[in-house]
Amino acid sequence: MNTSAINSGILDATYNLFFEGEIQNISIQEISKKSGISADEIISIYPSLDDITRTLAERSIVTLKKEGLELAKGKGLEKLRQLISHDILFFYRVEVDRILLTEQTMEGHKSALRLFDDYFNTEMPEIYYEFLNNNQELLPSKYIDINFYAHFISHSLKFFNYVTLEHFETTSEGRRNATEQIVGSLFGLDYLEMPKF
């Protein structure tokens, strides 16, 4: 197996462990079991779990940004629904993972979480700027500065994570309804139906 295939095998195995809800149990040994690649070989490429999760975060962000920019080229409410749903779904998962980590298990994920926060704070507003610039008729007022509003929307999306919403709504359906109402209000609508949540 060449280095590129080994690298992909390590990252894919780690990704699969995340989506099996195993974040608090992820370790180089578990990645080794999942990937069939020896722990020594993994360590020769990634000396620590933080190195693995950081690289996986970088890979995920490239994909996330590419998909977001593609959606930002679209026009109309349907594309807006898809773009917001795309971002909420991704960052909802990140926040669920974050609350599952303890002080001890957080150590292997600090760099990855920092990268996600940086993306959320700096790069995501650029995607919403592109979308709003292409869809100025969706702004609640023609006097709104698009750059400012793109930042406002991106930062508002941080509200929609399990930790925040569970204080207001105990059911998944209730959290979905609250999200659709609040997101809709950002665009002068009663609600904005999300295709996925």
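The dialogue below walks through how to read helices, packing and burial in a predicted model.

Me: What should I keep in mind about this model, and how many helices and strands does the chain have?

Reply: The model is predicted, so local features need pLDDT of at least 70 and side-chain atom pairs count only at pLDDT 80 or more, while totals for chains, interfaces and linings use all residues. Residues are numbered from 1 along each chain as its sequence is written, and side-chain values use heavy atoms, with hydrogens and water left out. Helices (H or I, at least four residues) and strands (E, at least two) are DSSP runs numbered from the N terminus, and the chain has nine helices and zero strands.

Me: How is the packing of two helices described?

Reply: Two packed helices are described by the angle between their axes and by the distance between those axes. The axes are lines fitted to C-alpha atoms, for helices over the stretch in contact, and the angles run from 0 to 180 degrees between N-to-C directions. Angles under 35 degrees count as roughly parallel, over 145 as roughly antiparallel, 65 to 115 as roughly perpendicular and the rest as oblique. Helix 4 and helix 5 pack at an angle of about 165°, with their axes 9 Å apart, which makes helix 4 roughly antiparallel to helix 5. Contact means heavy atoms within 4.5 Å, and the residues making it include S60 and L64 of helix 4 and H86 and F90 of helix 5. Helix 1 (residues 3-19) and helix 2 (residues 28-35) pack at about 105° with axes 9 Å apart, and are therefore roughly perpendicular to each other.

Me: What span should helix 6 have, and where is its kink centred?

Reply: The expected span of a helix is 1.5 Å times one less than its number of residues. For the 25 residues of helix 6 (residues 110-134) this gives 36 Å, and the end C-alpha atoms are 36 Å apart, which agrees. A bend is the angle between axes fitted to the seven residues ending at a residue and the seven starting there, and helix 6 has a kink of about 40° centred on F120.

Me: Is S154 of helix 7 buried or exposed, and which residues does S154 contact?

Reply: Buried means under 20% relative accessible area, exposed over 50%, and partly exposed in between (1.4 Å probe, protein chains only). S154 has a relative accessible area of 0%, so S154 is buried. Leaving aside neighbours within four places in sequence, S154 is in contact with F120, M124, P125 and Y128. These four are among the buried residues of helix 6, which pack against helix 4 (49-72), helix 5 (77-100) and helix 7 (146-156).
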